[in-house]
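Here's a quick briefing to read alongside the model. Take a look at the structure first, then go through the points below.

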Amino acid sequence: MRQTIKPQMQLGEVDISAITFNPKSRDDIPRLLRAFQHIWVTPELRAQVFHALERMIPASRDNGRPGMDLWKILIFGTLRLTINCDYDRLQELANEHGTLRQMLGHGPYCTHSYHIQTLQDNIALFTPEILDEINQIVVNAGHQLVKKKKSGYAPALTRLS
(Lines give C-alpha, C1' and ligand atoms only; values in the text may rest on other atoms or scores of the structure.)
Protein backbone atom coordinates (compact mmCIF):
# COMPACT_ATOMS: atom_id res chain seq x y z
CA MET A 1 0.00 0.00 0.00
CA ARG A 2 1.26 3.43 -0.88
CA GLN A 3 1.64 6.11 1.73
CA THR A 4 1.28 9.82 1.19
CA ILE A 5 4.62 10.32 2.96
CA LYS A 6 6.58 8.49 5.62
CA PRO A 7 4.82 8.92 8.98
CA GLN A 8 8.03 8.92 11.05
CA MET A 9 10.98 11.24 10.49
CA GLN A 10 14.50 9.78 10.51
CA LEU A 11 17.59 11.02 12.34
CA GLY A 12 18.82 14.29 10.82
CA GLU A 13 15.76 14.74 8.63
CA VAL A 14 14.43 18.28 8.32
CA ASP A 15 10.71 18.98 8.58
CA ILE A 16 9.39 20.20 5.24
CA SER A 17 8.05 23.38 6.83
CA ALA A 18 11.56 24.21 8.13
CA ILE A 19 13.41 23.89 4.81
CA THR A 20 15.04 27.17 3.82
CA PHE A 21 15.71 28.40 0.30
CA ASN A 22 18.05 30.99 -1.16
CA PRO A 23 15.73 34.00 -1.62
CA LYS A 24 17.96 35.41 -4.38
CA SER A 25 17.91 32.27 -6.49
CA ARG A 26 16.38 32.78 -9.92
CA ASP A 27 16.34 29.08 -10.76
CA ASP A 28 13.02 27.31 -11.26
CA ILE A 29 13.70 24.42 -8.86
CA PRO A 30 13.66 26.50 -5.62
CA ARG A 31 10.46 28.24 -6.77
CA LEU A 32 8.81 24.88 -7.35
CA LEU A 33 10.03 23.55 -4.00
CA ARG A 34 8.61 26.64 -2.23
CA ALA A 35 5.24 25.87 -3.84
CA PHE A 36 5.48 22.29 -2.55
CA GLN A 37 6.36 23.63 0.88
CA HIS A 38 3.22 25.78 0.84
CA ILE A 39 1.13 22.77 -0.16
CA TRP A 40 2.65 20.76 2.68
CA VAL A 41 2.08 23.37 5.41
CA THR A 42 -1.52 24.08 4.37
CA PRO A 43 -3.53 21.06 5.61
CA GLU A 44 -6.67 21.70 3.53
CA LEU A 45 -4.66 22.16 0.33
CA ARG A 46 -2.49 19.13 1.09
CA ALA A 47 -5.58 16.97 1.65
CA GLN A 48 -7.07 18.04 -1.70
CA VAL A 49 -3.81 17.35 -3.55
CA PHE A 50 -3.38 13.92 -1.96
CA HIS A 51 -7.00 13.07 -2.71
CA ALA A 52 -6.32 13.78 -6.40
CA LEU A 53 -3.11 11.74 -6.26
CA GLU A 54 -4.80 8.74 -4.66
CA ARG A 55 -7.02 8.37 -7.72
CA MET A 56 -3.99 7.77 -9.95
CA ILE A 57 -2.96 4.58 -8.14
CA PRO A 58 -4.18 1.41 -9.87
CA ALA A 59 -6.31 -1.14 -8.04
CA SER A 60 -4.50 -2.73 -5.12
CA ARG A 61 -2.07 -5.41 -6.15
CA ASP A 62 0.02 -7.30 -3.65
CA ASN A 63 3.08 -8.09 -5.70
CA GLY A 64 5.75 -7.59 -3.07
CA ARG A 65 7.55 -4.29 -2.96
CA PRO A 66 5.67 -1.19 -1.75
CA GLY A 67 5.28 1.66 -4.22
CA MET A 68 6.84 5.12 -4.01
CA ASP A 69 5.15 7.59 -1.65
CA LEU A 70 2.57 9.84 -3.30
CA TRP A 71 4.49 12.92 -2.15
CA LYS A 72 7.60 11.75 -4.01
CA ILE A 73 5.62 10.93 -7.14
CA LEU A 74 4.13 14.43 -7.05
CA ILE A 75 7.54 16.06 -6.66
CA PHE A 76 9.30 13.95 -9.29
CA GLY A 77 6.48 14.13 -11.82
CA THR A 78 6.05 17.87 -11.48
CA LEU A 79 9.79 18.54 -11.45
CA ARG A 80 10.29 16.51 -14.61
CA LEU A 81 7.60 18.49 -16.44
CA THR A 82 8.60 21.88 -15.01
CA ILE A 83 12.25 21.74 -16.00
CA ASN A 84 11.55 19.60 -19.08
CA CYS A 85 14.20 17.02 -18.25
CA ASP A 86 14.80 13.41 -19.12
CA TYR A 87 14.97 10.61 -16.56
CA ASP A 88 18.77 10.70 -16.44
CA ARG A 89 18.80 14.32 -15.26
CA LEU A 90 15.92 13.63 -12.89
CA GLN A 91 17.88 10.75 -11.38
CA GLU A 92 20.93 13.00 -10.92
CA LEU A 93 18.83 15.68 -9.23
CA ALA A 94 17.06 13.12 -7.02
CA ASN A 95 20.33 11.67 -5.82
CA GLU A 96 22.50 14.82 -5.57
CA HIS A 97 20.37 17.98 -5.11
CA GLY A 98 20.42 18.72 -1.36
CA THR A 99 17.26 20.81 -1.02
CA LEU A 100 15.29 18.46 -3.25
CA ARG A 101 16.38 15.51 -1.10
CA GLN A 102 15.21 17.38 2.01
CA MET A 103 11.83 17.96 0.35
CA LEU A 104 11.67 14.22 -0.43
CA GLY A 105 12.22 13.45 3.26
CA HIS A 106 15.88 12.43 3.24
CA GLY A 107 18.26 13.54 5.95
CA PRO A 108 22.00 14.10 5.58
CA TYR A 109 22.75 10.54 6.73
CA CYS A 110 20.41 8.89 4.24
CA THR A 111 22.18 6.94 1.52
CA HIS A 112 19.03 5.99 -0.40
CA SER A 113 19.42 6.47 -4.13
CA TYR A 114 16.82 6.40 -6.88
CA HIS A 115 17.18 4.21 -9.94
CA ILE A 116 15.97 5.24 -13.37
CA GLN A 117 13.55 2.32 -13.71
CA THR A 118 11.94 3.15 -10.35
CA LEU A 119 11.47 6.76 -11.42
CA GLN A 120 10.04 5.78 -14.80
CA ASP A 121 7.61 3.22 -13.36
CA ASN A 122 6.25 5.56 -10.70
CA ILE A 123 6.18 8.81 -12.66
CA ALA A 124 4.26 7.04 -15.43
CA LEU A 125 1.32 7.04 -12.99
CA PHE A 126 1.42 10.86 -12.91
CA THR A 127 -0.76 11.55 -15.94
CA PRO A 128 -1.47 14.95 -17.53
CA GLU A 129 -5.05 14.68 -16.25
CA ILE A 130 -3.84 14.35 -12.64
CA LEU A 131 -1.43 17.25 -13.15
CA ASP A 132 -4.25 19.39 -14.56
CA GLU A 133 -6.47 18.58 -11.59
CA ILE A 134 -3.69 19.44 -9.13
CA ASN A 135 -2.96 22.65 -11.05
CA GLN A 136 -6.60 23.69 -10.65
CA ILE A 137 -6.43 22.98 -6.91
CA VAL A 138 -3.22 25.03 -6.55
CA VAL A 139 -4.52 27.92 -8.66
CA ASN A 140 -7.75 28.06 -6.62
CA ALA A 141 -5.68 28.05 -3.42
CA GLY A 142 -3.58 30.89 -4.83
CA HIS A 143 -6.72 32.89 -5.56
CA GLN A 144 -7.94 32.32 -2.01
CA LEU A 145 -4.54 33.35 -0.64
CA VAL A 146 -4.57 36.58 -2.64
CA LYS A 147 -8.12 37.36 -1.44
CA LYS A 148 -7.07 36.86 2.19
CA LYS A 149 -3.91 38.93 1.88
CA LYS A 150 -4.69 41.78 -0.48
CA SER A 151 -2.21 43.95 1.33
CA GLY A 152 1.15 42.86 2.63
CA TYR A 153 3.27 39.84 1.88
CA ALA A 154 1.75 36.69 0.41
CA PRO A 155 3.96 33.67 -0.35
CA ALA A 156 4.34 33.01 -4.04
CA LEU A 157 2.57 30.01 -5.48
CA THR A 158 3.69 28.77 -8.85
CA ARG A 159 1.79 26.57 -11.23
CA LEU A 160 3.00 23.04 -11.01
CA SER A 161 3.67 22.66 -14.71
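Let's start with a histidine: His51 sits in helix α2, which runs over residues 43–54. Keep in mind that this is a predicted model. From there we move to the core, one helix with a buried face, a pocket and a loop residue.

**His51**
- With a relative accessible area of 48%, His51 counts as partly exposed, because that value falls between the 20% and 50% cut-offs.
- His51 and Ile134 are 83 residues apart along the chain, yet 9.6 Å separates their C-alpha atoms.

**The largest nonpolar core**
- This core has 43 residues, and the ones touching the most other members are Phe36, Leu53, Trp71, Phe76, Met103, Phe126 and Ile134.
- Two or more core residues come from each of α1 (28–41), α2, α3 (70–82), α4 (87–96), α5 (98–103), α6 (116–123) and α7 (128–148).
- Helix α3 gives the largest share, with seven residues.
- What does Phe76 touch, leaving out residues up to four places away in sequence? Its partners are Met68, Leu90, Ala94, Leu104, Tyr114, Leu119 and Ile123.

**Helix α6**
- Leu119, Asn122 and Ile123 are buried in α6.
- Looking down the axis of α6, you'd find its buried residues within an arc of 90°, so they line one face of the helix.
- That fits the general pattern: an α-helix has 3.6 residues a turn, so residues three or four places apart point the same way.
- On the other side of those contacts are α3 and α4, which the buried residues of α6 pack against.

**The second largest pocket**
- The space in this pocket comes to about 220 Å³.
- Its lining is made up of His38, Thr42, Glu44, Leu45, Gln48, Ile137, Asn140, Ala141, Gln144, Leu145 and Lys148.
- Helices α2 and α7 are the elements giving two or more residues to that lining, and α7 has the largest share, six residues.
- Sorted by class, the lining has four nonpolar, five polar and two charged residues.

**Asn84**
- You'll find Asn84 in the loop between α3 and α4.
- Is Asn84 buried or exposed? Asn84 is exposed, at a relative accessible area of 71%, because exposed means over 50%.
- Its phi is near 55°, a positive value in a residue other than glycine.
- For context, most residues other than glycine have a negative phi.

How values were computed
Residues are numbered from 1 along each chain as its sequence is written. This is a predicted model: local features need pLDDT of at least 70, side-chain atom pairs count only at pLDDT 80 or more; totals for chains, interfaces and linings use all residues. Side-chain values use heavy atoms; hydrogens and water are left out. Helices (H or I, at least four residues) and strands (E, at least two) are DSSP runs, numbered from the N terminus. Buried means under 20% relative accessible area, exposed over 50%, partly exposed in between (1.4 Å probe, protein chains only). A nonpolar core is a set of buried Ala, Val, Leu, Ile, Met, Phe, Trp, Tyr and Cys residues joined through side-chain atoms within 4.5 Å. Contact means heavy atoms within 4.5 Å. On a 1 Å grid over the protein atoms alone, a cavity is a set of points where a 1.4 Å probe fits but cannot get out, and a pocket is an open set with protein on both sides within 12 Å along at least five of seven lines; lining residues have an atom within 4 Å of a point. Grid points are joined across faces, edges and corners, and a volume is the space filled by probe spheres set on the points. Ala, Val, Leu, Ile, Met, Phe, Trp, Tyr, Cys and Pro count as nonpolar, Asp, Glu, Lys and Arg as charged, and the others, Gly among them, as polar. The arc is that of the directions from the helix axis to the C-beta atoms.
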